[in-house]
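Morning, everyone. Please pull up the sequence and the structure, and I'll talk you through them.

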Amino acid sequence: MSDTDRLYALSSTSTTRPWGGAEAPRLLINDALLAMRWYLTHEREPTSHVTSQVSDDGGSTWQPLAPHQLMADAEHALVATGQAASTGLAHPRLVDRLNALSAEAAEWLGHRIRPHRPASRGPGPVDLAAWQRAGTTWATVLHTVPHAAVLAELASRYPDERHKGPQRMRAAAFDLLNNPDFGHHVPADPLTAVMPPHPRTPAADEDGMSAVPGYPRPLLDELQAAAAWRLASPVHRRIAEHLMKELAKYEDSLAMAQPPAGRPASPQEQENVDRARTLCDSLREDLRTLDRHHAMLMHASMLADAHEAAAAARHRLMVAAAQSAETREPPGLDAPEAFVHQLEEGERRIDRMLAQQQQLTRAALGDLFPSGRAELEMLRTQVTSGSGLSPDDPHRASSGLSGLQSHSRNGEPSPGQQLFTTGGTRRERREVLVSGQHADDLSVSNSVTWRALAALDQMTATAGASLGDRAAQAARIAAAVRRRTRQQPSTAARARRVADHPQQAHLLQLHARTGHPAYR
């Protein structure tokens with residue numbers, strides 16, 4: 001992600017409006033400044049709470065991130081922007097980003113100076129004690145003193161208090177930070193709470209144990225799931241990174257289009273601001289849609305994992321049942337009945353595990369796509385053909401790579417390259433490397449994407465089947481097996497043969513399900 005793998009995941013909750021599913025404001029971004037601005041925007045009101053998490057490995061692991069840590073990252077990003085430009089604070093992009101952050105910070109402080117009437121809703125006198133409280137809150141939450149640009153922005157919004165108010169606020173923040181007890185006892189503030197994610201957790205089996213170790217698996221938080229999917233699918237990761245980069249660029253354009261503080265915008269300036277804001281809103285919505293799609297693919301991929309784990313568990317169950325068929329447990333059962341009893345019980349537990357994993361996935365599907373099938377079709381289109389993926393793409397990419405490799409080895413110009421030069425050789429080698437990586441990425445992304453979609457299709461196709469229906473069907477099969485096994489005295493011997501040759505277990509499974517003597 002950009003220069004590092006540092007990712008920020010922010011989620012907003014409200015005590016007055018119960019956000020649900022796709023409505024909840026969220027942001028997954030690799031830009032610390034955008035993350036900090038989003039925090040300040042969505043935690044202005046006293047009833048709003050933003051939880052923040054950070055990942056240093058591209059989304060594999062996550063840690064809670066306090067607001068002051070996010071602010072420190074944003075300040076480091078500002079410094080890095082100035083250093084990259086080699087011109088310090090005079091660099092236009094740095095100035096624009098600093099001004100944008102200062103405007104958000106001033107608005108955030110305005111809601112604490114006058115909670116019921118911030119400056120954006122009309123000027124008016126402010127008690128100096130309110131400025132002091134705002135400065136204390138700033139230091140409590142962000143562990144810094146307000147930047148000079150923030151103070152200047154506040155002075156322009158509160159002209160009647162521009163000489164005393166901002167300075168009183170800064171002094172209050174400074175005093176708190178220099179209090180010897182500050183590092184040991186930070187004043188309680190509900191807005192600073194960093195709550196861990198609450199993943200959907202499956203219910204335990206009756207005896208507290210699962211038929212398949214590690215399953216059913218709890219689902220990840222939406223943003224964590226989206227990031228995890230991008231680690232699995234390099235094509236989708238590149239798409240997300242590009243969208244994040246575009247959003248950061250146009251957010252800077254929006255900041256640049258804003259008129260200076262304290263002066264109304266001209267018609268042309270307002271038109272530029274509106275155009276930039278429209279582009280940013282569109283990119284943010286595109287990024288949110290991408291997050292939902294990728295999160296759902298990750299949930300579906302976990303369901304596919306559960307199906308594979310269940311298949312392996314069924315094989316182990318079949319072998320174990322065959323090996324213990326002659327022990328005649330429970331007491332009173334003959335070998336065939338003991339085998340059927342163990343097989344039936346194990347199958348029931350495996351089916352329960354799969355049903356629980358499907359229930360978790362189905363609930364996530366309802367949260368992410370409340371409109372149902374139409375959104376599912378959009379997901380399929382966007383993550384396959386809309387992302388450059390199709391069953392033929394890996395073959396086309398490999399064919400193109402073979403052609404480039406041939407040109408590079410033979411010293412021939414590739415199509416469109418007229419002269420063979422030293423520079424052309426370097427370009428050819430770069431093209432081979434890039435094309436090779438692209439072919440590998442297409443192959444990996446195709447594989448994991450179609451696998452996830454297949455699991456999702458299977459789940460939606462069997463949505464009407466209940467665990468009770470499957471249990472009743474299993475009971476009917478077991479009854480048929482019991483009737484037939486009583487007429488086949490060689491079952492125990494065949495069970496011993498399967499125990500000696502586990503590869504024949506699938507034949508025994510067919511026999512148990514259908515009553516057909518599939519092996520002899």
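Let me start with what I call a salt bridge: a side-chain nitrogen of Lys or Arg within 4 Å of a carboxyl oxygen of Asp or Glu. Keep in mind that this is a predicted model. Searching the whole structure with that rule gives 26 salt bridges.

Take R6 and D56. They form a salt bridge, and their closest N and O atoms are 2.1 Å apart. R6 sits in the segment before β1, residues 7–14, while D56 sits in the loop between β3 (48–55) and β4 (63–64), so this pair ties together parts that are 50 residues apart in sequence. How exposed are the two partners? R6 counts as partly exposed, at 24% relative accessibility. D56 counts as exposed, at 56%.

Now go to the helices. D305 and R451 meet through their side chains in a salt bridge, 2.4 Å from N to O. D305 belongs to helix α9, residues 267–323, and R451 to helix α13, residues 422–461, so the contact ties together parts that are 146 residues apart in sequence. D305 is partly exposed at 21% relative accessibility. R451 is partly exposed too, with a relative accessible area of 25%.

R451 has another partner. Its side chain meets E308 in a salt bridge, at 3.2 Å from N to O. Here again distant parts of the chain are linked: R451 in helix α13 and E308 in helix α9, 143 residues apart. E308 counts as partly exposed, at 48% relative accessibility.

Stay on helix α13 for a moment, because A454 lies there as well. A454 is partly exposed, with a relative accessible area of 43%. Which distance separates A454 from A300 in space? From C-alpha to C-alpha it is 8.5 Å, although the two are 154 residues apart in sequence.

One more item on charges. R26, E222, R230, R288 and D291 are linked in a network of salt bridges. Remember R26; it comes back in the sheet.

So, the sheet. It is open, has 4 strands in the order β2-β1-β3-β4, and pairs in the antiparallel sense. Which strands stand at the edges? Those are β2 and β4, each with a single partner strand, so one side of each is left without a neighbour in the sheet.

Look at the pairings one by one. β1 and β3 pair antiparallel over 8 bridges. Y8 stands opposite V54 in β3. β1 and β2 pair antiparallel over 4 bridges. There, S11 has R26 of β2 as its bridge partner.

Which way do the residues of β2 point? R26 and L28 point one way, L27 and I29 the other way, and all are buried. Buried here means under 20% relative accessible area.

That takes us to the nonpolar cores. The largest has 80 residues. Those with the most contacts inside it are Y8, L28, I29, M36, Y39 and L154. Which element gives this core its largest share? That is α9, with 11 residues. There is also a second, separate core of 15 residues, which includes V212, Y215, A306 and A309.

Last topic: the largest pocket. Its volume is about 1100 Å³. It is lined by 40 residues, and the closest to its centre are R37, A100, A103, E104 and Q258. Where does the lining come from? β2 (26–29), α1 (32–42), α3 (92–113), α5 (148–157), α8 (234–257) and α9 each supply at least two residues. The largest share, 8 residues, comes from α3. By type, the lining divides into 17 nonpolar, 7 polar and 16 charged residues.

Let me pull some threads together. Helix α9 has come up repeatedly. It holds D305, the partner of R451 in helix α13. It gives the largest core its largest share. And it supplies at least two residues to the lining of the largest pocket.

Strand β2 recurs as well. It is an edge strand of the sheet. Its residues R26, L27, L28 and I29 are buried. L28 and I29 are among those with the most contacts in the largest core, and R26 belongs to the salt-bridge network. β2 also supplies at least two residues to the pocket lining.

That's my tour. Over to you.

Methods: Residues numbered from 1 in each chain as written. Predicted model: local features only at pLDDT ≥ 70, side-chain atom pairs only at ≥ 80, totals over all residues. Heavy atoms only, no water. Buried < 20%, exposed > 50% of the residue type's maximum accessible area, 1.4 Å probe, protein only. Core = buried A, V, L, I, M, F, W, Y, C linked by side-chain atoms within 4.5 Å. 1 Å grid on protein atoms, 1.4 Å probe; cavity = no way out; pocket = protein on both sides within 12 Å on 5 of 7 lines; lining within 4 Å. Points joined across faces, edges and corners; volume = space filled by probe spheres on them. Nonpolar A, V, L, I, M, F, W, Y, C, P; charged D, E, K, R; others polar. Pairing = 2+ DSSP bridges.
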